[in-house]
Amino acid sequence: MRLIHPVASDEVDLARLYAYPRQRCVRLNMVASADGAAWLDGLSGGLSGRGDKRIFGVLRGQADVVLAGATTVRAEGYGPARPRESWRPLREGRPPAPPVAVLTRLLDLDPKSALFTEAEPYARTIVVTCEAAPAERREEMAGVAEVIVAGGDRIDLAAALAELASRGLGRVLCEGGPKVNAQLAEADLVDELCLTVSPLLTGGAAARILNGPPASVRLDLAHVLEEDGFLFTRYVRPLR
C-alpha cells in the first residue's frame, strides 16, 4: 500500500492517517465500484480486497462504537466486533473492542443471532429505536442488548448520537447501509467519509453509498492510498 495524496510515500502509518480528529466525530466507511455501486450481488464483500479489509480493521480499532442499520446487519450477517492484538495501542483506556449499535425502528432483529449471544465477552450490543417501536419487541431486545430510545415516530439520529456520546461513545464508525448514510447526511451529521473505490464496473441496480433524499455535504480530500488498483480515500468535513 502506498500514499499517493497529498504526497507520494511508500511509508504508510494507517493508525495515524485514520486517527479521529476529536472526541465526537461521525465517520462513514463504505466501499463502491468504479461506477458507484455500493454492493455486488447484494453484498459489499464482493467489492472488497485485502487492503480494504486491513483499513476496515484499523477503522474499527479506532472507533468507540460501530453503527449500522438493521438491513445491513441482517444482510451482512453481523456479529460483535472481536478484539485484535493490533488494537491494543489504539484502544488504550477503552474496552478491547467497540460495541455494535443497530438502528432499527421495527426491532426486526433476531435476539438469538451471534450479534447478541456472542457479544457479552467483548461489548454488549446496543439497539437504537424510537417510541413507535413495538413495546413487546422492545422488552424482548432489552433482555439481550442495551436499548436506546431516541425519537417518536422515527429515530432521531441527532438524539441517538448524543445518547451514544453520553456513554463515552462519541467516535462513531458508521458502516451503512446507504439509507442510513443518506439519513445522516440529510440531518447534517456526517463529519468524515472513508471510501474505498474498487477497480470493478458492475452496472445493475445497486444503490450508491447514499440512497435517500438529496443532501449537500461539502468535504475536503485528506488523503488517497492505493493498492492492487484499489483507491482508499478519506474525506473530512471542514471544521464548523
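## Exercises on a predicted fold

In this predicted model, residues 24 or more positions apart supply 72% of the contacts whose separation is 6 or more.

**Exercise 1.** Work out how the overall dimensions of the protein relate to the globule rule for 240 residues.

*Solution.* Begin with the secondary structure, which comes to 7 helices and 10 strands. Next, take the radius of gyration, 17 Å, and set it beside the 18 Å that the globule rule gives for 240 residues; the two values are close, so the protein is as compact as a globular protein of that length. Finally, note that the C-alpha trace spans about 55 × 40 × 35 Å along its principal axes.

**Exercise 2.** Determine whether strand 8 (residues 192–198) is largely enclosed or open, and identify the strands with which it pairs.

*Solution.* First apply the cut-off for burial, which is under 20% relative accessible area: 6 of the 7 residues of strand 8 are buried, and the strand is therefore largely enclosed by the rest of the structure. Then turn to its pairing with strand 2 (residues 25–33), which runs in the parallel sense over 7 bridges, with Val31 standing opposite Thr196 of strand 8. Strand 8 also pairs with strand 10 (residues 230–236), here in the antiparallel sense and over 6 bridges, and Leu193 stands opposite Tyr235 of strand 10.

**Exercise 3.** Describe the exposed surface of the protein and the placement of its charges.

*Solution.* The protein exposes about 11500 Å², of which carbon and sulfur atoms supply 52%, while buried residues make up 48% of the 240 residues. For the charges, compare the mean position of the 29 positive ones with that of the 31 negative ones: these mean positions are 2 Å apart.

Technical notes: Residues numbered from 1 in each chain as written. Predicted model: local features only at pLDDT ≥ 70, side-chain atom pairs only at ≥ 80, totals over all residues. Heavy atoms only, no water. Helix = DSSP H or I, 4+ residues; strand = E, 2+ residues; numbered from the N terminus. Rg over C-alpha atoms; globule rule 2.2 N^0.38 Å. Buried < 20%, exposed > 50% of the residue type's maximum accessible area, 1.4 Å probe, protein only. Contact = heavy atoms within 4.5 Å. Areas by Shrake-Rupley, 256 points an atom, 1.4 Å probe, with all protein chains shown as cover. Lys, Arg positive; Asp, Glu negative; His and termini not counted. Charge placed at Lys NZ, Arg CZ, Asp CG, Glu CD. Pairing = 2+ DSSP bridges.
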